[in-house]
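Me: I have a protein model open and would like to read it step by step. Can we go through it in questions and answers?

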Amino acid sequence: MEAVFDGHNDVLLRLWHTVKTGGDPIAEFINGTAAGHIDVPRARRGGLAGGLCAIYIPSGDLVLREPDEKGHYITPMAAPLERQPSLDIALEFTAIALKLERAGAWRLCRSTAEIRRAMEDQVFAAVLHMEGCEAIDGNLDALETFHAAGLRSLGPVWSRHNLFGHGVPFAYPMDPDTGPGLTRAGVALVKACDSLGILIDLAHITEQGFWDVAKASTKPLVASHSNAHALTPVARNLTDKQLDAIRERRGLVGLNYATTMLRADGLENADTPLSDMVRHLDHLVERVGIDCVALGSDFDGATIPQAIGDASGNQNLVAALRDAGYGESELTKICRENWLRILAEAWHEAG
């Protein structure tokens, strides 16, 4: 079984909803559930050894639009969020993460050595990520606090605008060049993250924001859960020009399992073959190279192919890649080593 370190999941969002409905998130994660995609039993069955776990503030006003008669859709951008309620929710997510660690359900990792030790001990290696920085203030004081709590990765924006920049909408077909990029505060955030050792994630930002980060940051360019726009022209996917820039900076793209980002028609449909995933991964490898492609499932945050189903089905993708001609050393890079290389560099471990 090929151990997988995954670049993006929303399990903390699911567990936060469990708390809000009176459930026990710790017991749910340890003992397993029929809901969602990730818990300890299913992660072990599928070889999911760890991943970046998102602190994400939900947008209650966002309703995905149904496709029109041509199969096209544009979901209006979610409204910006207020900081104080966002901070409260972000702290609630962080509390769940810390309680899971205290219960021995997973291990919060702040270095790649800690990730490797957790994987060796067969304990889920969790890294805190922030998807959209609505909880962070303009002075970046909260960034210091979250960093101390274990935050080691963030995306300045989700698919909405905030103090730091502009996100892309959920739309098909659409180019990612949908508006402005980083604000002045966003540039300061990126530079602070470079200094602290926090990875910057480009997964939801506009194309202009992508280039703004490329200019402001000295680190490799990383899109944790994005696919190829050339194959599925949704606004969230990356153009070949963006992929070329990632290759030049020796960055990374994590293959997103969301069917809307895999299918040629951009539809949310679990009846999506694994061949669509292989097709995207082939394109990414051809464009950026085998050392710059990994996995970014979006487990617990998207509709994924039923051939995978949940974390227990991860090896089905590995088998499909093996059948498509990927060798064992290449699979090791895609499944975990490329992520560990990138994290080491972002976290000031690499020389």
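Reply: Yes. One definition comes before the cavities: Ala, Val, Leu, Ile, Met, Phe, Trp, Tyr, Cys and Pro count as nonpolar, Asp, Glu, Lys and Arg as charged, and the others, Gly among them, as polar. Keep in mind that this is a predicted model.

Me: By class, what does the lining of the largest cavity have?

Reply: The largest cavity holds about 80 Å³ of space. Its lining has 13 residues, and Leu199, Ile200, Lys219, Pro220 and Val222 lie nearest the centre. Sorted by class, that lining has 10 nonpolar, 1 polar and 2 charged residues.

Me: Which elements each supply at least two residues of the lining of the largest cavity?

Reply: Leu199 and Ile200 are among the lining residues nearest the centre. One element that supplies at least two lining residues spans 199–200, and another spans 328–346. They are β8 and α12.

Me: By class, what does the lining of the second largest cavity have?

Reply: This cavity holds about 60 Å³. It is lined by 13 residues, with Leu202, Ile205, Arg236, Leu238 and Gln242 nearest its centre. The classes come to 7 nonpolar, 4 polar and 2 charged residues.

Me: Why is the protein said to be as compact as a globular protein of that length?

Reply: The fold has 12 helices and 11 strands. For 351 residues the globule rule gives 20 Å, and the protein comes close to that, so it is as compact as a globular protein of that length. Its radius of gyration is 18 Å.

Me: How much of the protein do buried residues make up?

Reply: A residue is buried when its relative accessible area is under 20%. The protein has 351 residues. Buried ones make up 60%.

Me: Which residues does a cis peptide bond join?

Reply: Most peptide bonds are trans. Here one bond is cis, with omega about -15°. Pro173, in the loop between β7 and α7, is one partner. The pair is Tyr172 and Pro173.

Me: Is Arg250 buried or partly exposed?

Reply: Arg250 lies in the loop between α9 and β10. Its phi is positive, about 55°, although it is not a glycine. Its relative accessible area is 42%, so Arg250 is partly exposed.

Me: Does Asp300 count as buried or exposed?

Reply: Asp300 sits in the loop between β11 and α11. Its phi is also positive, near 65°. Buried means under 20% relative accessible area. At 12%, Asp300 counts as buried.

How values were computed
Residues numbered from 1 in each chain as written. Predicted model: local features only at pLDDT ≥ 70, side-chain atom pairs only at ≥ 80, totals over all residues. Heavy atoms only, no water. 1 Å grid on protein atoms, 1.4 Å probe; cavity = no way out; pocket = protein on both sides within 12 Å on 5 of 7 lines; lining within 4 Å. Points joined across faces, edges and corners; volume = space filled by probe spheres on them. Helix = DSSP H or I, 4+ residues; strand = E, 2+ residues; numbered from the N terminus. Rg over C-alpha atoms; globule rule 2.2 N^0.38 Å. Buried < 20%, exposed > 50% of the residue type's maximum accessible area, 1.4 Å probe, protein only.
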